[in-house]
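Please look over the sequence and the model below before reading on. The paragraphs that follow take one helix as a starting point and work outward from there.

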Amino acid sequence: NVRRLSETLVNVVSITRESLLSDKEKGAVRGRNGDPSIQYLSFLWKDYMPQRWYFEVFEMYRRIVFTAIIPLMGNETSIRAIIGCLLSLIMIGFVREASP
């Protein structure tokens with residue numbers, strides 16, 4: 001039952017996302033979903049709309065900043081915590097507005 005509900009929700013989200021796309025973008029989605037030679041790469045785009053193709057790159061840079069750069073900033077943990085919180089708030093705002 002849970003699996004069926006999950007599949008139904010995925011279908012509803014897919015239908016809703018497809019209704020927001022232009023005809024050109026719908027063709028691109030059909031092309032990439034129908035090409036078996038690139039299905040092993042589908043994890044890169046399955047969660048994003050075509051006009052938000054850059055979002056996975058942005059997400060990778062965000063992860064690098066949070067795991068490699070913030071720990072090197074300042075000697076006090078409070079400074080790193082404040083920087084981390086501010087960057088998190090910026091990221092939340094960006095994701096909300098971009099709606100990838």
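In this predicted model, one side of helix α4 carries the exposed residues I82, L89, I90, I92, R96 and E97. They lie on the other side of the helix from its buried residues, which are G84, M91 and A98. Viewed down the axis of α4, the buried residues fall within an arc of 65°, so they line one face of the helix. Among the elements that cover these buried residues is α3.

The length of α4 can be checked against its residue count. With 22 residues at 1.5 Å a residue, α4 should span 32 Å, and the distance of 31 Å between its end C-alpha atoms agrees with that. Just after the helix, S99 takes a positive phi of about 45°.

How do α3 and α4 lie relative to each other, and at what angle do they pack? Helix α3 covers residues 55-69 and helix α4 covers residues 77-98; they pack at an angle of about 170°, and their axes are 12 Å apart. Because angles over 145 degrees count as roughly antiparallel, α3 is roughly antiparallel to α4. On the α3 side, the contact is made by F55, F58, E59, R62, V65 and F66. On the α4 side, G84, L87, S88, M91, F94 and V95 take part. Sorted by class, the residues in this contact are eight nonpolar, two polar and two charged.

One residue of this contact, L87, can be followed more closely. L87 has its place in helix α4. Its relative accessibility is 29%, and L87 therefore counts as partly exposed, since buried means under 20% and exposed over 50%. Leaving aside residues up to four places away in sequence, L87 touches V65, F66 and I70. V65 and L87 are 22 residues apart along the chain, and their C-alpha atoms are separated by 9.3 Å.

Helix α3 can be described in the way α4 was. Its 15 residues should span 21 Å at 1.5 Å a residue, and its end C-alpha atoms are 20 Å apart, which agrees. Which residues of α3 are buried? They are F55, E56 and E59. Seen down the axis of α3, these buried residues fall within an arc of 95°, so they line one face of the helix. The buried residues of α3 pack against α4.

Helix α2 comes earlier in the chain, at residues 23-34. It has twelve residues and reaches 16 Å from its first C-alpha to its last, close to the 16 Å expected at 1.5 Å a residue. Its buried residues are E25, V29 and R32. Down the axis of α2, they fall within an arc of 75°, so they too line one face of the helix. The face turned away from that buried side carries the exposed residues D23, K24, R30 and G34.

The chain as a whole can now be set around these helices. It has four helices and zero strands, and from the N terminus on its elements run α-α-α-α. Of its 100 residues, 16% count as buried. Among contacts between residues at least 6 apart in sequence, 49% join residues at least 24 apart.

Key: Residues numbered from 1 in each chain as written. Predicted model: local features only at pLDDT ≥ 70, side-chain atom pairs only at ≥ 80, totals over all residues. Heavy atoms only, no water. Axes fitted to C-alpha atoms, helices over the stretch in contact; angles between N-to-C directions. Helix = DSSP H or I, 4+ residues; strand = E, 2+ residues; numbered from the N terminus. Parallel < 35°, antiparallel > 145°, perpendicular 65-115°, else oblique. Contact = heavy atoms within 4.5 Å. Nonpolar A, V, L, I, M, F, W, Y, C, P; charged D, E, K, R; others polar. Expected span 1.5 Å × (residues − 1). Buried < 20%, exposed > 50% of the residue type's maximum accessible area, 1.4 Å probe, protein only. Arc of directions from axis to C-beta.
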